[in-house]
Amino acid sequence: MTPTAPAMTDAAFALALALLLVAPLAIAGVALINTGLGRSRSAAQALLGNLAIVAVAAIVFALVGATLAGSLPGASGGAGHIYQAAGKPWNWIGYSPFLLGGLAAAPAHSQLALLFEFLAVALAALIPWGSGADRFRLTSGCAAAAVLAAIVFPLLAHWVWAGGWLSQLGVNFSLGAGFLDPGGAATVHVLGGLSALAVIWIAGPRKGKFPKEGLATALPGHNAVYILFGCIVSLVGWLAWNLAGALIWLHAPLAALPVTAVNTLLSASAALAATFAVTRIRFGKPDASLCANAWLAGLVASSACAALVTPGQSLAVGFIAGIVTPLLVEVLELAVSIDDPSGAITVHAAGGLLGLFAAGLFASQPGQLLAQLIGIATLLGLVLPLVYLLFWLLNRVLAFRVDPDGERIGMDLHELGGGAYPEFVIHRDESYR
Amino acid sequence: MPAGFFLSIAALVLFPASASRTAFVLCGLAVEALGLGVAIRGHMQARGESRP
């Protein structure tokens, strides 16, 4: 995470490139989970939305975002503007040649960094889509993805990965190695989770979720097989993602990669085991949906710290993620009245913040924990209000929420004209009586 | 929430000593948590008024 990266060996380059070709499986897994956690009458719209959002995010990032992220050095060295304050440089925005100019001639490391960012922006933009399930319009979802890919993600990616002020906290303020986020816990997952919160606040809950009297209505996901298979697919993608991140952003030696892979698996496994036990104790039987959420939360936490901690510490991080996940899902739904069908706030935002904190807590360098806390403060204090403001403005132009009739008949029929399962009988929804 | 962020950044610049710097960054995070709480409460109230 320095502006002047050491040259990569051919073996490291080939391995990182191969890993990045497998990493989209994480996107596929999240897409499957998002779809499975929604209702059957919105399944086709949900999966098409996942695909469309990945496409929009990639195009907008190529047109606008990559220029601001500053990952291709160009003549400016990747820095767009450096603000001087208190005698320190604050590199707050990047600048790369427009429309990926000079990509083919850029150093190998910069090309890989850019490819990593393309995948990262696609996943970050996908996360809020799942939280808006069953009421978030397709065009609005794509527009929200465009906003993230054009403005918010590039800023954050520059700050964290491309020599921006967060990555330079070590150089400028002697805070460890600066803010560390090799797997995209902050730039992808916390950003996605906080965007999900903004979408939920703006679009509101699904109709019938919170009746005027009584407890919240349970609206379970329509396909547990999609959800659980998505978790398995995600593991493959996450392993590739974390290893590629360690190679590209930490310049890790090849010998360090097996530990990173083991840590990723251990974090997810400990989270699943903890939630399995918690739901077994609380409800008498393990809850498949919450276990899937915990598995994903463990993977998300590992994005921040798998390359930086020991296997024992990784187990502890996963275990905490597994304890917190079912409890936070319950608190958000029952105490705070937040309708988050995919659990993105818990899984991606809380899981990512936990991983970022753990990366500082278990670090050996002095000041690393403070660097991680500054990064967390930036995400909560600057990124969340910025995303909310941008989405609020977007909602004034392009309404996020579908009209009541569309919500009643389902997003598939309303937006696509046909359902995902045309031979199935659609059950009458009792909540509309 | 932005006030908490700027408090954290100000701590970086104003306090070279590790202990006071850490304390003020934590204060910044606490201010952000308060802001998040207020935002959540505001949305709950707004939604409660428009319940069907």
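**Entry 1: the contact between the chains**

I looked up how many residues take part where chain A meets chain B, and I found 27 residues from chain A and 21 residues from chain B. I note that the model is predicted. I then looked up the area: chain A and chain B bury about 2300 Å² between them, and 76% of it lies on carbon and sulfur atoms. I asked which three residues supply more than any other three of the area that chain A buries against chain B. They are Trp201(A), Lys212(A) and Leu370(A), with 23% of that area.

**Entry 2: polar and charged pairs**

I looked for salt bridges between chain A and chain B and recorded a count of zero. For polar contact between chain A and chain B, I recorded two residue pairs, both at pLDDT 80 or more.

**Entry 3: elements on the chain A side**

I looked up which elements give two or more residues to the side of chain A that touches chain B. I listed helix H6 (169–173), helix H7 (185–203) and helix H13 (368–397) of chain A. H13(A) gives the most to this side, with 12 residues.

**Entry 4: a nonpolar patch on chain A**

I turned to the surface of chain A and noted a nonpolar patch of about 470 Å². Ile59(A), Leu63(A), Val64(A), Phe98(A) and Leu99(A) make this patch. I located Phe98(A) in the loop between strand E2 (88–94) and helix H4 (108–131) of chain A. Is Phe98(A) buried or exposed? I entered Phe98(A) as exposed because its relative accessibility is 54%, and exposed means over 50%.

Technical notes
Residues numbered from 1 in each chain as written. Chains lettered and ligands numbered in written order. Predicted model: local features only at pLDDT ≥ 70, side-chain atom pairs only at ≥ 80, totals over all residues. Heavy atoms only, no water. Patch = residues over 30% accessible without salt bridge, like charges linked within 9 Å, V, L, I, M, F, W, Y side chains within 5 Å. Areas by Shrake-Rupley, 256 points an atom, 1.4 Å probe, with all protein chains shown as cover. Salt bridge = Lys/Arg side-chain N within 4 Å of Asp/Glu carboxyl O. Helix = DSSP H or I, 4+ residues; strand = E, 2+ residues; numbered from the N terminus. Buried < 20%, exposed > 50% of the residue type's maximum accessible area, 1.4 Å probe, protein only. Contact = heavy atoms within 4.5 Å. Buried area = accessible area lost by both parts, 1.4 Å probe. Polar contact = N/O pair within 3.5 Å; in protein donor to acceptor, adjacent residues only side chain to side chain.
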